[in-house]
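Got your viewer open and a selection tool ready? Let's take a walk through this one, stop by stop.

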Amino acid sequence: MNVFKAMKPERVYTTVKMIPWVSLKSEGITVALLDFDNTLGPDHATAPTDYSIECVKEIQEAGIRCCLVSNARSGRSKGIAQALDIPCVTYARKPEPVGVRRALEMMGAQKEDAVMVGDQVFTDVIAGNLAGVRSFLVEKLYPKEIWYVALKRIPEKLVRLIGHF
Ligand SMILES: [Mg+2]
């Protein structure tokens, strides 16, 4: 796959709540693969917030099943997934597609059935694209980020500028 194509999300939304889940369901989407840090909750949180819970509920109410796909160490992401009562792939190794593929298998879904949603081009979008699912980028939920994510925002900005998204 072309490098730039791999970095381009199909769509960009401000937040997870802005995603039209009901119409996605009518397009055949049955599984939402969700990043957590700065997509559904604060970066490096250990528990979901009310916002995270509301997002999952809204997606589920649209008839779409949720699965966390997180690069975080297993304890932290498992705890969050348990609190949200949804399955989870930990150590997903995004931008590699392996975690997304594992999530599809776990959910009994085909790549055509799923959308990957996350706040980072260099992890979430690339992983989704390489795995062949639809990829949506959301803007980071909170300005505060761990230093190595903050660093990645610089080339990410450039890629978004060049790619017009
Ligand atoms: Mg994230």
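First, some vocabulary: two strands pair if DSSP finds at least two bridges between them. Helices (H or I, at least four residues) and strands (E, at least two) are DSSP runs, numbered from the N terminus. Residues are numbered from 1 along each chain as its sequence is written. You are looking at a predicted model, where local features need pLDDT of at least 70, side-chain atom pairs count only at pLDDT 80 or more, and totals for chains, interfaces and linings use all residues.

**Stop one: strand E6.** Select residues 134–138. Strand E1 (residues 11–13) pairs with E6 in the parallel sense, over 3 bridges; look for valine 12 opposite leucine 137. Now add strand E5 (residues 114–118), which runs parallel to E6 and is joined to it by 4 bridges. Here methionine 116 stands opposite serine 135.

Is E6 buried or exposed? A residue counts as buried if 20 or more other C-beta atoms lie within 10 Å of its own, exposed if 12 or fewer, and partly exposed in between, with C-beta atoms placed from the backbone. By that rule 5 of the 5 residues of E6 are buried, so the strand is largely enclosed by the rest of the structure. Color Arg134, Phe136 and Val138 for one side, then Ser135 and Leu137 for the other: both faces are covered.

**Stop two: the crossover.** Show helix H6 (residues 121–131) along with E5 and E6, and you have a right-handed β-α-β unit. Right-handed means that, with the strands pointing away from you, the path from the first strand over the helix to the second runs clockwise.

**Stop three: the core.** A nonpolar core is a set of buried Ala, Val, Leu, Ile, Met, Phe, Trp, Tyr and Cys residues joined through C-beta atoms within 7 Å. The largest one here has 42 residues, and those with the most contacts inside it are Leu33, Leu34, Cys67, Val69, Val115 and Val117. H6 gives the largest share of this core, 5 residues.

**Stop four: the loops.** Go to the loop between strand E2 (31–34) and helix H3 (50–61) and pick histidine 44. Histidine 44 has a positive phi of about 60° although it is not a glycine, and it is partly exposed, with 14 other C-beta atoms within 10 Å. Next, try aspartate 85, in the loop between helix H4 (74–84) and E4. Aspartate 85 also has a positive phi of about 60° without being a glycine, and it is exposed, with 11 other C-beta atoms within 10 Å.

Last pick: proline 95, in the loop between strand E4 (88–89) and helix H5 (98–107). A cis peptide bond joins lysine 94 to proline 95, with omega about 15°.
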